[in-house]
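This report walks through selected helix packings, salt bridges and buried positions of one protein model. The sequence and the coordinates come first, and the reading follows.

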Amino acid sequence: MDFVSKYQGVVGRVFRNENSSSNEDSYVERLLDRISNGVLAEDRRNAMAELQAVVAESQAAQLAFGAMGFPVLLSVLKEERDDVEMVRGALETLVSALSPIEYAKVSKNEVQPTLMNSDLLSREVDNISLLLSLLSEEDFYVRYYTLQLLTALLTNTPNRLQEAILTIPRGITRLMDMLMDREVIRNEALLLLTYLTREAEEIQKIVVFEGAFEKIFSIIKEEGGSEGGVVVQDCLELLNNLLRNNSSNQVLLRETVGFESIISVLKLRGSTYKFTQQKTINLLSVLDTINLLLHGGKQTDPGQDTNGLANKTVLVQKKVLDHLLMLGVESQWAPVAVRCMALQCIGDLVVNHPKNRDTLASKVLGEDPHVEPALNSILRIILRTSSMQEFIAADYVFKSYCEKNPEGQTMLASTLIPQPQSVFNTPLEEDVHMSFGSMLLHGLILSESDGDLETCCRAASILSHILKDNIQCKERVLKIELEAPTPSLGGPEPLLHRMVKYLALASSMSKDGKASVSRAIYVQPIILKLLVVWLFDCPSAVQSFLDSRPHLTYLLELISNENATVSVRGLAAVLLGMCVICNKAIDSGKNAFSIVDAISQKVGFTSYLLRFDEMQKSLLFTSAKPALARKPLTRSTAASMSEINDVDENENTDQKNEDHPMLAMLLDSQFVFFLKGLEEKIREQIVEIYSHPKSQVVVVPADLEQNSGEDDKEYIKRLKRFVEKQCLEIQDLLSRNATLAEDLTKRGGSGSSSSQLEHRTSSGSDRVLIETLRRDLHETSQRLETLKAEKAKIEAESSAHQNLAAKIESDLKSLSDAYNSLEEANFQLEREVKALKSGGAVAVPDIEEIKAEAREEAQKESEAELSDLLVCLGQEQSKVEKLSARLTELGEDVDKLLEGIGDDMGLQEDEEDEEE
């Protein structure tokens, strides 16, 4: 047969010929028959080569091989180890059977040959054990194809292969030994271990105890560190798999090998200005390693925080902060992805670690005479970078630095000193010698000249971190007054008022279309977040905000603006609620009662509270994540991670979707939790204030008394006016309560319009009546519940008393019966005593007569029992006679059968008598 032409025909028409599947089945079967039953070694090897070729090119051949080929090739691997070419061919064929064909298209409903074959091969643990044993063979290609085969199995059936390797003695050890083999085999083994350790925690521990850390760092050093190729990337991915969510492995690395080898990869070698894609990926991988160490392990691990703090301390001691600042701040020629990742690591390094925060604050960058603090350099990046991702990462540094750090916040706030207007007109490129505060104020008001609020928005985000949960900083910054851009526009104004002005400016620019769509989405929310953080728990800031009447009017309009985004309306509602719960003012028009009245009149409680619901149900709130959450860096994701495309370059972002990463940074899980707590306080406070307004009628006991010289008629008129005022106030209060109850009941319903809400509110008399009836019903229900509770209590006490009475009655009855018995016995004894005293003889019973009576009675009973016994014996005798007759008919010797029966009974009775 011409096998070459046959092979070409099968491969060429694998999916065109209707009979191709059956043809390939028969072709594969003949090849397998030649391999298993062939006599000539050369013919068997040729059959193996042809089988490998057809399986590598045809899915039908892969299916056919899976149905009948595994036993033949596994037999070759077991029994023909000496024939190296056959073993090579068998392994290569198995690899082909488990590897998908690139150009073949398979629909989802069709059988996947590679998956089916992997499942068949991995079902038996003995098969995996056989493959692992081949790793000890001397032939290079046998070891190489074996590793490829194990990698293919791990890709298709990872769980089953992991379980099998764990059960095989020295299975992991054999794989680890391959790391010390020749370069090609080492790389394959490295790739296999990377797949094997992604989620298997037990395998991770075994690999570590087999010396994985030392071998990994040895390979990285040999390959040239960050300048190395994809092998360094695979080593770092394996290292990250061993450290991710595994505190014990992190502790082992820290206390044995140390962190110096990791930090050495961060060092820039050769041309520091040249960053290839592979170098970028390697740096991202080692930064991911540092990030894993900073988090300390699983969130559910009780020792996570302690381990994370220990890792942070050791890393800073090993000067990792200098390398991170070099990559993230000083190396502006580095790729954006590397700079962002380095800045994120700096933030993670200082969060909740006082000593590391102080170290960062003391760091200076640059060379004389252009030396400046590291925080100033990071702030300049925030104000000047064109990359949105870089701004988000740098902003995270300040967020982490200010978190639970009142001393650091105060230090930064102390530098916020107003400068003359001429200084603020200086371009940002010439601000090298500016202090931190001057640079921040410069960024806040830079938009005055160019009308672009981008820089102001970024500076506002930094200012919100400085003010968060620090009342002293809030009071200090509240005193800052800025000069007007031109003297003709008036005198200085507080910084808080300037922020509100920029908020309104952002709204008008968005409406006029002057700002880009993507920027319009996040500028207003960030400024609103600053105002919310500033006013929270700071009555003086609330008072300053309300000093300008247009601020309240604008805020009410912003809440009612249907064109604004959900986050803008929601944050505006939170800011207005802050003016209620943090308001300590007494003056009319600025106190909490006035704000609540304004909400009721201008917006309506239904619409106002609906803004909270809309914000809570938005995608940003429901999908809020911790700041800068990252996915594991693998081979498949590394290339995309190394090239970050900034969102601000894409102007087609849908404004209504609000999926901008700036908003995701703004509304992280921590801030969302903060807003949810505020919402509950705002709701309770508004309900409390609206249902209990400030009394307009002051009751003074002296005013109710008749004045001297006042006649009765005037006194009655004055009392009448006083009563009328109180009645009006009571009516207003009832109307308020009715409105509030109705609005709260209707909230979240079908969304009625504002005019319908005002119409419902206007029907005052009906509401007063309904409210009166509701109040009476409520009081009656409370009284009824009280009576029910009292009734249940009385019934319980009555039941207890009844049980006690029944018990006492039973005890008395028992005592009475005992007393009566004693009385009767006593009476009998008294009679006998009297009889003895009177000389009378007591009648003595005749014992002989009693014995005779008893004997007679016993005899009667024995006679009756004897007669019954005789009847029974007669019946038994008749039965015996009948049975004897029947046995005689059957030919049995009755006498012989009955012989000895009576004697046995007699012997038993004698034995019983002797025992007695």
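At what angle do the axes of helix α5 (residues 70–79) and helix α8 (residues 125–133) cross, and within what distance do they come? In this predicted model, the two axes cross at roughly 45 degrees and come within 11 Å. An angle between 35 and 65 degrees is neither roughly parallel nor roughly perpendicular, and α5 and α8 are therefore oblique to each other. The crossing of α5 and α8 is left-handed. On the α5 side the contact is made by Leu-74, Leu-77 and Lys-78, and on the α8 side by Asn-127, Leu-130 and Leu-131. By character, the residues of this contact of α5 with α8 divide into four nonpolar, one polar and one charged.

Helix α8 has further partners. Its buried residues are Asn-127, Ile-128, Leu-130, Leu-131, Leu-132 and Ser-133, and the buried residues of α8 pack against α5, α6, α7 (113–122), α9 (140–156), α10 (158–167) and α11 (171–177).

A second helix pair is formed by α21 (residues 336–350) and α24 (residues 388–402), which pack at an angle of about 10 degrees with their axes 8 Å apart. Angles under 35 degrees count as roughly parallel, and α21 and α24 are therefore roughly parallel to each other. From α21, the residues Arg-339, Cys-340, Leu-343, Gln-344, Ile-346, Gly-347, Asp-348 and Val-350 take part, and they meet Gln-389, Glu-390, Ala-393, Ala-394, Tyr-396, Val-397, Ser-400 and Tyr-401 of α24. The residues of this contact of α21 with α24 divide into nine nonpolar, four polar and three charged.

**Salt bridges**

Side chains of opposite charge can pair when their charged atoms come close. The structure holds 31 salt bridges, and the table lists examples with the distance between N and O atoms.

| Pair | N to O distance |
|---|---|
| Arg-45 and Glu-85 | 4.0 Å |
| Glu-223 and Arg-186 | 2.9 Å |
| Glu-237 and Arg-198 | 2.9 Å |

How many residues apart in sequence are the parts that Arg-45 and Glu-85 tie together? Arg-45 lies in helix α3 (residues 41–57) and Glu-85 in helix α6 (residues 84–98), so this pair ties together parts that are 40 residues apart in sequence. Arg-45 is partly exposed, with a relative accessible area of 26%.

The salt bridge between Glu-223 and Arg-186, at 2.9 Å from N to O, also connects two helices: Glu-223 lies in α14 (residues 212–223) and Arg-186 in α12 (residues 183–196), so the pair ties together parts that are 37 residues apart in sequence. Glu-223 is partly exposed, with a relative accessible area of 22%, whereas Arg-186 is buried, with a relative accessible area of 4%.

The side chains of Glu-237 and Arg-198 likewise meet in a salt bridge. This pair links distant parts of the chain, with Glu-237 in helix α15 (residues 230–243) and Arg-198 in the loop between α12 and α13 (201–209), 39 residues apart. Glu-237 counts as buried at 5% relative accessibility, while Arg-198 is partly exposed at a relative accessible area of 36%. Elsewhere, salt bridges that share partners join Glu-42, Arg-45, Asp-83 and Glu-85 into one network.

**Two buried positions**

Ser-285 has its place in helix α18 (residues 277–295) and is buried, with a relative accessible area of 4%. Leaving aside its neighbours within four places in sequence, Ser-285 is in contact with Gln-233, Leu-236, Asn-240 and Leu-633.

Val-477 belongs to helix α30 (residues 471–478) and is buried, with a relative accessible area of 0%. With neighbours within four places in sequence again left aside, Val-477 is in contact with Leu-416, Leu-463, Leu-467, Leu-495 and Trp-534. One of these, Leu-467, is 10 residues from Val-477 in sequence, and the C-alpha atoms of the two are 8.4 Å apart in space.

**The chain as a whole**

The protein chain has 47 helices and four strands, and buried residues make up 44% of its 916 residues. Among contacts with a separation of 6 or more, residues 24 or more positions apart account for 72%.

Notes
Residues numbered from 1 in each chain as written. Predicted model: local features only at pLDDT ≥ 70, side-chain atom pairs only at ≥ 80, totals over all residues. Heavy atoms only, no water. Buried < 20%, exposed > 50% of the residue type's maximum accessible area, 1.4 Å probe, protein only. Axes fitted to C-alpha atoms, helices over the stretch in contact; angles between N-to-C directions. Parallel < 35°, antiparallel > 145°, perpendicular 65-115°, else oblique. Left-handed = near helix turned anticlockwise from the far one by under 90°. Contact = heavy atoms within 4.5 Å. Nonpolar A, V, L, I, M, F, W, Y, C, P; charged D, E, K, R; others polar.
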